[in-house]
Amino acid sequence: MRKIDELLTEYGESHQNETNKAIHWICVPAIFFSLVGLVWSIPSGFLQSNVTASPYANWATVLLVLVLAYYIALSLPLALGMATFSFLCLVLTHQVDQLSFAPLWAISIGIFVLAWIGQFYGHKVEGKKPSFFKDVQFLMIGPAWLMHFIFKKLGIRY
């Protein structure tokens, strides 16, 4: 069995309850997005030059490139799906940052806290501890676990 299959199977063992699964469909992407926002908020002036003054030249983009390298090592198709989701998170983060409604870091912390409350509630309903208590690697597997369901629904092999 491939490593990605083993990881998805093991992750799925503590995600059998339908309520917990539904909560994960909301909270896992929200946590991922909030982390992009938090890392985006770290000053990154030296990454930007006058020539390439792109708002995407920041620590969030750097981190996501590293995250995608991890996913590539597990499954190229899932990595492409995660790259698409990561790109959408970057674009949405940029849009939220431009709103000036509140500082991006504050919005991101709010989303992060609420989403983790949801996650822990889901695991209380499930009656099992979150997988990352066993292995921190499962923090990265959660988003891929959701992506693999999308791929299955679309008939895409991962």
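1. His94 makes contact with Trp40, Pro55 and Tyr56, leaving aside neighbours within four places in sequence. The model is a predicted one. His94 sits in helix H4, which covers residues 76–99. Its relative accessibility is 15%, so His94 counts as buried; the cut-off for that class is under 20%.

2. Next, the pairing of helices H2 and H6. Two packed helices are described by the angle between their axes and the distance between the axes. H2 spans residues 18–40 and H6 spans residues 138–154. Their axes come within 9 Å of each other and cross at roughly 120°. H2 and H6 are therefore oblique to each other. The crossing of H2 past H6 is left-handed.

3. The residues behind that contact can be listed for both sides. H2 brings Lys21, His24, Trp25, Val28, Pro29 and Phe32. H6 answers with Gly142, Pro143, Trp145, Leu146, Phe149 and Ile150. By class, the contact of H2 with H6 holds nine nonpolar residues, two polar and one charged.

4. H6 on its own: 17 residues, reaching 24 Å from the first C-alpha to the last. That is close to the 24 Å expected at 1.5 Å a residue. Right after H6 comes Gly155, with a positive phi near 75°.

5. Which residues of H6 are buried? They are Phe138, Ile141, Gly142, Pro143, Ala144, Trp145, Leu146, Met147, His148 and Phe151. Gly142, Pro143, Trp145 and Leu146, from this buried set, also meet H2. The cover over the buried residues of H6 includes H1 (3–13), H2, H3 (59–74) and H4.

6. Helix H5 takes in residues 104–126. H5 has 23 residues and reaches 32 Å from its first C-alpha to its last. The expected value, at 1.5 Å a residue, is 33 Å, and the span of H5 is close to it. Gly127 follows just after H5 and takes a positive phi of about 85°.

7. What do the buried residues of H5 pack against? The partners are H2, H4 and H6. The buried residues themselves are Leu104, Ser108, Ala115, Trp116, Gly118, Gln119, Gly122, His123 and Glu126.

8. To tie the points together: H2 and H4 are among the elements covering the buried residues of H6. H2 and H4 also pack against the buried residues of H5. H4 is the helix that holds His94.

Note on methods. Residues are numbered from 1 along each chain as its sequence is written. This is a predicted model: local features need pLDDT of at least 70, side-chain atom pairs count only at pLDDT 80 or more; totals for chains, interfaces and linings use all residues. Side-chain values use heavy atoms; hydrogens and water are left out. Axes are lines fitted to C-alpha atoms, for helices over the stretch in contact, and angles run from 0 to 180 degrees between N-to-C directions. Helices (H or I, at least four residues) and strands (E, at least two) are DSSP runs, numbered from the N terminus. Angles under 35 degrees count as roughly parallel, over 145 as roughly antiparallel, 65 to 115 as roughly perpendicular and the rest as oblique. A crossing is left-handed if the near helix is turned anticlockwise from the far one by less than a right angle, and right-handed if clockwise. Contact means heavy atoms within 4.5 Å. Ala, Val, Leu, Ile, Met, Phe, Trp, Tyr, Cys and Pro count as nonpolar, Asp, Glu, Lys and Arg as charged, and the others, Gly among them, as polar. Buried means under 20% relative accessible area, exposed over 50%, partly exposed in between (1.4 Å probe, protein chains only). The expected span of a helix is 1.5 Å times one less than its number of residues.
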